[in-house]
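Reader: I'm new to this one, could you walk me through a few of its residues?
Author: Gladly; please have a look at it before we begin.

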Amino acid sequence: MKLEELCAAVQEARYYNERFTRREYTSAFRTYTERFGPLYMEAVRETAEDPDGRRVLAEQLLDLLEAGWKRQRAWNRTMVQAREKQMLVTYLSPMLLGLEEPLCQELAERLRDGWNTRRPKDIYNITTYARLQEGFRNVILGIDITGWQKRREEES
């Protein structure tokens, strides 16, 4: 298992965060999962025998992310942290929750818990892809038409 490859799932934030829109998220998430899903399933399977393996893996990933932040210039560090946190929330955690390997959910929880312990003033929660996808609103001239569209689909 190469931790750098696993961290790329968070550190390559700019490309994926720009696609966190109602129109592009589905495609971007699918591409993300195809690329990083097998890497994470393999990493989790390697830790399956160790009951503490997912916690250790999560700590190693968070340590590597922090090391990357320390290499950033001070004025850029906070922005990079925020961008990578968004990746954890919108791509990595939902992917881990949706993978068929059951230990991936534990890794998502361990990453969240590790982050929240290290940064109690900047916590995050995890949720599924479907739940995130539901959060995009369809708006015309500031009027939310999401409910109208659902009723129309139900009537057809």
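Author: What follows is a short talk about a surface patch and a few single residues, and please keep in mind that this is a predicted model.

Reader: Okay, which residues gather in the patch of negative charge on the surface?
Author: The patch of negative charge on the surface brings together E4, E5, E42 and E46. The elements that give two or more residues to this negative patch are α1 (3-11) and α3 (25-46).

Reader: And where is E4 found, in which helix?
Author: E4 lies in helix α1.

Reader: Does it count as buried or exposed, and why?
Author: E4 counts as exposed because its relative accessibility is 55%, and exposed means over 50%.

Reader: What about E42, how does that one count?
Author: E42, which belongs to helix α3, has a relative accessibility of 45% and therefore counts as partly exposed.

Reader: How far is E42 from E101 in space?
Author: Along the chain E42 and E101 are 59 residues apart, while their C-alpha atoms are separated by 9.3 Å.

Reader: Switching topic, is A28 buried or exposed?
Author: A28, a residue of helix α3, counts as buried because its relative accessibility is 5%, and buried means under 20%.

Reader: Which residues does A28 touch?
Author: Leaving aside residues up to four places away in sequence, A28 touches Y16, R19 and Y91. As for Y16, it is 12 residues from A28 in sequence, and the C-alpha to C-alpha distance between the two is 6.5 Å.

Notes: Residues are numbered from 1 along each chain as its sequence is written. This is a predicted model: local features need pLDDT of at least 70, side-chain atom pairs count only at pLDDT 80 or more; totals for chains, interfaces and linings use all residues. Side-chain values use heavy atoms; hydrogens and water are left out. Patches are made of residues with over 30% relative accessible area and no salt bridge: like charges are joined within 9 Å, nonpolar side chains (Val, Leu, Ile, Met, Phe, Trp, Tyr) within 5 Å. Accessible areas come from the Shrake-Rupley method with a 1.4 Å probe; for residues, only the protein chains shown count as cover. A salt bridge is a side-chain nitrogen of Lys or Arg within 4 Å of a carboxyl oxygen of Asp or Glu. Lys and Arg count as positive and Asp and Glu as negative; His and the chain ends are not counted. The place of a charge is taken as NZ of Lys, CZ of Arg, CG of Asp or CD of Glu. Helices (H or I, at least four residues) and strands (E, at least two) are DSSP runs, numbered from the N terminus. Buried means under 20% relative accessible area, exposed over 50%, partly exposed in between (1.4 Å probe, protein chains only). Contact means heavy atoms within 4.5 Å.
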